[in-house]
Amino acid sequence: MKATGAVQPFLPFCRRLLPDRLAGLSVALLKATALDLAILVGHLFLYPSGIFEERRDPDPAPAVPDGTTTPLPARPRPPVVLLHGFIDNRSVFFFLRRTLAQHGGRHIVCLNYSPLTWDIRGAAEQLGKHIAEICEHTGSDRVDIVGHSLGGLIARYYVQRLGGDHRVRTLVTLGTPHAGTRALPLADAHPIVRQMRPGSDLLKELEMPAPDCRTRFVSFWSDLDHLMDPLESAGIDHPDLLVQNVQVTGIGHLALPVHPAVATGIRQALDAEETAAGATPRRNGLTVA
């Protein structure tokens, strides 16, 4: 990231305290950091509400059109599964869930995985069981997934390595370290953090060929994401996958599942028609601040 508009009086001090890529302290970075802090404070209040699994009420039975009921959509949309990041829970999707419900007319499920999860592979296996249950419950053959941070990596492992591409139509990831991240070096004691480091055995598995993968990938990555080092690691680069990488400008890691402009981009990604296999991946940009 190239920093512009640096606050000059603080620059020498910041160079002593911060990594090189943050030393510029641009106005955009200050705004993004302030927004992330505000979101963090708000999320701490919501966090207790997401500790327990949500109730999965059965969907209302489809009404037979008789002139008094609303016609059913011509093409039912797949359920959407929301999967949170590291040391988090489903409360992070409070706003995104409301947006998708108001505009999408979809069945939406927020999943929690245990905060004691120590292995991405095991979490991916559990995700597969949950998705099988969701498909059985809704009568749908496939689902869409939106994963924030680690949640996106768990979902990708399920899709690529456990045959989940037969169940997942579209996988949207938000700030997911697809190529690994070097941020937070003091957290290496946790095995999942080690699995998210560049060059880990797990990430090498995701680099392996996946010639028949049917899932479409949409990866949102931010140019001000302080948990991605390097920043571009949140994009997907794989020759066998159908990928759309979307660069988001102006917000940080915590804002990705909250910001309304990103939510609009997610809705557009989920509503898009499946692209024919072999199509050229596109690189789009989304400026939100």
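This is a dialogue between a student and a teacher about reading a predicted model.

Reader: Where should I begin, and which residues have the most contacts inside the largest nonpolar core?

Author: Begin with a general tendency, which is that in soluble globular proteins nonpolar side chains tend to be buried together. In this predicted model, the largest nonpolar core has 34 residues, and those with the most contacts inside it are Ile120, Leu127, Ile145 and Ile154. The elements that give two or more residues to this core are the strands β1 (80-83), β2 (108-111), β3 (143-148) and β4 (168-174), together with the helices α4 (120-138), α5 (150-161) and α7 (201-206).

Reader: Which residues does Ile154 touch, leaving out those up to four places away in sequence?

Author: With those neighbours left out, Ile154 touches Leu83, Tyr113, Ile120, Ala123, Ala124 and Leu127. Apart from the largest core lies another one, of 24 residues, and Val172, Val248, Val262 and Ala269 are among them.

Reader: How should I read a helix such as α4, and how far does α4 reach from its first C-alpha to its last?

Author: An α-helix has 3.6 residues a turn, so residues three or four places apart point the same way. The helix α4 has 19 residues and reaches 26 Å from its first C-alpha to its last, which is close to the 27 Å expected at 1.5 Å a residue. Its buried residues are Ile120, Ala123, Ala124, Leu127, Gly128, Ile131, Ile134 and Cys135. Seen down the axis of α4, these buried residues fall within an arc of 150°, so they line one face of the helix. On the other side of α4, Lys129 and Glu136 are exposed.

Reader: What is found at the two ends of α4?

Author: At the N-terminal end, Asp119 caps α4, with a side-chain oxygen that lies 3.2 Å from the backbone nitrogen of Arg121. After α4 comes Gly139, whose phi is positive, near 75°.

Reader: Is α5 largely enclosed or largely open, judging by how many of its residues are buried?

Author: In α5, 11 of the 12 residues are buried, so this helix is largely enclosed by the rest of the structure. The buried residues include Leu150, Leu153 and Ile154, but also Arg156 and Gln160. The 12 residues of α5 should span 16 Å at 1.5 Å a residue, and its end C-alpha atoms are 16 Å apart, which agrees. Just after α5, Gly163 takes a positive phi of about 75°.

Reader: How many disulfides does the structure hold?

Author: A disulfide is a covalent bond between the sulfur atoms of two cysteines. This structure holds 0 disulfides. Two cysteines can still be described by their surroundings, since Cys135 counts as buried because its relative accessibility is 4%, and Cys213 counts as buried at 17% relative accessibility.

Reader: What should I look for in the backbone, and which residues have a positive phi although they are not glycines?

Author: Most residues other than glycine have a negative phi, and most peptide bonds are trans. Ile87, which is not a glycine, has a positive phi of about 50°, and this residue is found in the loop between β1 and α3 (94-104). At 61% relative accessibility, Ile87 counts as exposed. Leu184 has a phi near 55°, also a positive value in a residue other than glycine, and lies in the loop between β4 and α6 (191-195). Because its relative accessibility is 54%, Leu184 counts as exposed.

Reader: Which peptide bond is cis?

Author: The peptide bond from Asp229 to Pro230 is cis, with omega near 5°, and Pro230 is found in the loop between β5 (216-222) and β6 (242-249).

Reader: Are the polar residues Asp225 and Asn245 buried or exposed?

Author: Asp225, placed in the loop between β5 and β6, counts as buried because its relative accessibility is 1%. A polar atom of the Asp225 side chain lies 3.0 Å from the backbone nitrogen of Leu227. Asn245, in strand β6, counts as buried at 9% relative accessibility, and its side chain reaches the backbone oxygen of Ile236 at 2.9 Å.

Reader: How far apart are Pro115 and Gly85 in sequence and in space?

Author: Pro115 and Gly85 are 30 residues apart in sequence and 10.0 Å apart in space, C-alpha to C-alpha. Pro115 is found in the loop between β2 and α4 and is exposed, with a relative accessible area of 66%.

How values were computed. Residues numbered from 1 in each chain as written. Predicted model: local features only at pLDDT ≥ 70, side-chain atom pairs only at ≥ 80, totals over all residues. Heavy atoms only, no water. Core = buried A, V, L, I, M, F, W, Y, C linked by side-chain atoms within 4.5 Å. Buried < 20%, exposed > 50% of the residue type's maximum accessible area, 1.4 Å probe, protein only. Helix = DSSP H or I, 4+ residues; strand = E, 2+ residues; numbered from the N terminus. Contact = heavy atoms within 4.5 Å. Disulfide = S-S within 2.5 Å. Expected span 1.5 Å × (residues − 1). Arc of directions from axis to C-beta. Polar contact = N/O pair within 3.5 Å; in protein donor to acceptor, adjacent residues only side chain to side chain.
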